[in-house]
Amino acid sequence: MQEKSTPPRRRRRGRRVLYVLVALLAMLGVAGYAMVGRPVDAPEWVRERIETRIAESLPGIEVDFGRMSLLIQRSGLARVILWDVEIRNLNGETVAQLSDIEAGLSPAALLNGQVDLREAQVSGAFVTLRRDADGRLGLSLGDAFAASSEMPDIGQIIARIDTVMGDPRLAGLTSFEADALTLRYEDQRARRGWTADGGRLRLAREDGRLALSGDVALLAGGDGVATVEVEAQSPIGKQSLDFGVILHGLASRDIATQSPALAWLEELDAPISGALRSGLDESGALKPLEASLRIGKGALQPTAATRALPFDSAETAFTYTPAEGLLRFQRIRLASPLGKVTAAGTARLNGIETGWPQGLTGQFTLSDMALAKGALLDREVSLSGAEAAFKVRLDPFEVTLGELRLTDPIYPLRATGQLSAQAEGWRLALDTRIAQTSPEQVLSFWPEDLHPGTRRWVVNNVHSGRVEDVQFALRADPGADKPKTYIDFAFAEGVATFNPRMPGLTDAAGRVTIYDGRLGLRLETGTTDAGRGPIDLSGTEFVIGDLRVKPAVGEVRLQARGSVTAALSYLNNEAWRLIDKADRTVDMASGRARVSGRIALPLVRGLTLQDVALNLEGTLRDVDAPTAIPGKPLTADRLALSVTNTAVALEGAVIVDGVPATGRWARPFSGSGGEVDAEVTLTPESIAALGIGLPPGTVRGSGKGMLRIDMPRGAPARFSLTSDLEGMGLSLPQLGWDMAPGERGRFAVAGLLGEVPTIERLELQGAGLEAEGRVLLTARGGFDRLELSRLTVGDWLDVTGRLRGRGAGALPAIEVGSGSVDMRRAPFTSSSGTGGGDGGPGGGAPLTLTLDSLRLTDSIVFEDFRADFDTTRGLNGRFDAQLGGRTPVKGLAVPQAGGTAFRITGEDAGDVLRAAGFLKTVRDGSFQLDIAPVRGQPGSYDGFMRIEGTRMRKAPAIAALLDAVSVVGLLDQLNGPGIFFTDVEARFRLTPAG
């Protein structure tokens, strides 16, 4: 380091050189006067002598120059010019190479033997500016001092310049200029170097201050040329300094290395122009830096692997206070393809105590924010303001957003996040939250290319509401095909639909989550109304399992509560028409319903039932369904409901038209009609309610039956009922048949349901009775008749016929059309009718018989039997028949002795007796036979026969008797025309044993 005062020897050497120059100038004064404004080369001997004197005056320094010229300016100032100057040290190393050195002197002072230097100029100098690893700056000429540790720093250079300028011999020096400078700047801390050429420098003395100005062009590659302009002022004799730098087109990464205040520009790739102002105080400390920068079109790209984030332009104005490590940004403006923003705030440099910042922590206020149309949204979005707190780490580059709070009341958004440059590329984590907004605002921030199908669904189906606690998260990892997103928000007072053709939601509140290609919605509250009352959908979930599928498929996990009518109305929505497909109306039932299950449907327009997957189950309570079964009102306390794509079904305990039953009703939506399978309780009342139409008094007790109803489309419903009759008692008092409740049998009936049911088939088996036939009802549904294709009772009755109704309270009439009856085993008694023997109304019924055969005894058989009886007090009436199949007879039946007594008459007693198997020899006469049952002896009869006006012939037993009494005339009559009897009477008893 040089000392502040010049040694005496060096001063003497300087004076010798100066005297030489003065003598030379004096010698040439006269000649030069004639050549004012024209440079004149000095002779060779003068040049050599000057070199010798310089070497004597500057030992250790060798100065060589090519030629020397003298120029007298018209202002009177004399200029000495040394051309092609080279300065070397003792080692022969070049200290500086200069194209020329000029010195402006006062001619008058020279003539008086004094040196009065007014101006100096250097051209073509090569200057090296170096900053060491600690950030200290030093200056040297050429490369001779490159490895020296004695390189003067800025403070020393200022001190030396002040010393030189304070020399009395330089009191007249007003300026020093240099041009064609080449500046080599080597930054050991940044491990980089730059070369600038074409530099110009001017140092002037002005009012006790030194003023410096200059500019250089930076050789940094590329097509453009970057320039740096410098101006500085320093009071002479002081080390304080104020300077300014004007930049034009410098690379951001070059500027970022030069000051901690500019380190945050390191990751930008853009040209920068602007101005920097700062200075040094008396202690050499750096004053606050004021900067105003304009950043051209460029990008943020920390590494080659990170995708460039382009911007169009930026500008900033800030102040940096080194003592605090604090940046105060008065303005930052940024414009990019994504939008624009203006910001102001402060940032504190982190790690500045190490000599270079590791990052910064900032708090900014943002204003005039705008998101460009097409950047993320289909329109431009303007935001009035925001507040941001963040932290930046420079190496590796990482931005941590502590909080971004939009102060715009229209967009109350808060965000946190982190953006980091990884070896493979960018990694982004962004979390945003909005306290409250609307569906329209959510959509305004939802890019059209982010889950476009789901977004369209939301646009078409979410109509209004309030959105709260919105959370949006974005994760983008290096190498990932697409970023991962997470959206979660609550909603209230919502109005929405699952499909435009289906009933919508009102007063909806719940939460929506979209993550990893899945959308989930849960309703905390909400109702829907298809026009027949509200349905509470609280707890319902809506899920889209894979948003990437085209079209997306939504799944409704239904939880519904409401009236049965409202539920049926919903199922009959425009898209499904389930109730219409079941040939029913939505008011077919009332009650309360609770339904849950799954509905899967594609999110497309024109949705139909075929596009939907249904699997619903529920519970119906207090059900009243007057039209569920045609003509048979249905009620139930509780029913299980199931709905699928193919059918709707109800199951449980019901009362069908007053008949208790437990079963299942199902109705397909296509193909065949509905069906009912039920276990019913059979009682006299339930059988009548079902319209089976058995005669009154036929059934008693209670039993179980299996009921099936088939309801084909466009046709009357068909039913069938079967039972084993356990627990039931049945009787046909007209036939004397009865089955006790403890016995089993079989009962089957089938027919058509309607306002007036039709019984197409009836079967009854039990207690020796077998019956097959059908039942016909009156126009009002009452019993009309029972037509039997076969009726057998034990071993005494095997016929066909009918039971014909006779009105309310009366037993039906029996009409037998064919068959056989064996009266020996007939159970008729005088009390067979329900009225007993009192003959009260309704106690019996007419009995009309047309029989092929009627057997009274073992030997008495009537064929072609025709009879009209009344069973009020037992069997009572008249009949006619062919006795033995050939003898016409007539008869009368009357109740007697607990059975039936008969009177049989015939016009030819002989034929009657022969047909009855009694006597074959009797001819003619009238016949009357009375047969009465023997009380207490079933099958036994007492008989009385009376014959009038008959003849007997060819009777051997009687002939022998007459021969014994020698009644010769009688014998002749017996063997001839026969013996004539006016009256014949006989009494006898018939028993089953014969």
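**Cavities and one buried methionine**

1. The second largest cavity has a volume of about 130 Å³. Fifteen residues line this cavity, and those closest to its centre are Val564, Leu568, Leu620, Leu641 and Leu650. Note that the model is predicted.

2. Which elements give two or more residues to the lining of the second largest cavity? They are H8, strand S35 (613-629) and strand S37 (647-656). The class count for this lining is 15 nonpolar, no polar and no charged residues.

3. Across the whole structure, the search finds nine cavities of 30 Å³ or more. The largest has a volume of about 190 Å³. Its lining has 17 residues, and Leu558, Ala560, Tyr570, Leu571 and Leu616 are the closest to its centre.

4. Four elements each give two or more residues to the lining of the largest cavity: strand S33 (553-563), helix H8 (564-571), strand S34 (590-602) and strand S36 (632-644). Helix H8 is thus listed for the largest cavity and for the second largest. By class, the lining of the largest cavity has 17 nonpolar residues, with no polar and no charged ones.

5. Now to another site. Met945 sits in strand S58 (residues 941-952). Is Met945 buried or exposed? Met945 is buried, because its relative accessible area is 9%, and buried means under 20%.

6. What does Met945 touch, leaving out residues up to four places away in sequence? The contacts are Leu913, Phe927, Gln928, Leu929, Val984, Glu985, Ala986 and Phe988. Take Leu929, one of these. Met945 and Leu929 are 16 residues apart in sequence, and their C-alpha atoms are 4.5 Å apart in space.

Key
Residues are numbered from 1 along each chain as its sequence is written. This is a predicted model: local features need pLDDT of at least 70, side-chain atom pairs count only at pLDDT 80 or more; totals for chains, interfaces and linings use all residues. Side-chain values use heavy atoms; hydrogens and water are left out. On a 1 Å grid over the protein atoms alone, a cavity is a set of points where a 1.4 Å probe fits but cannot get out, and a pocket is an open set with protein on both sides within 12 Å along at least five of seven lines; lining residues have an atom within 4 Å of a point. Grid points are joined across faces, edges and corners, and a volume is the space filled by probe spheres set on the points. Ala, Val, Leu, Ile, Met, Phe, Trp, Tyr, Cys and Pro count as nonpolar, Asp, Glu, Lys and Arg as charged, and the others, Gly among them, as polar. Buried means under 20% relative accessible area, exposed over 50%, partly exposed in between (1.4 Å probe, protein chains only). Contact means heavy atoms within 4.5 Å.
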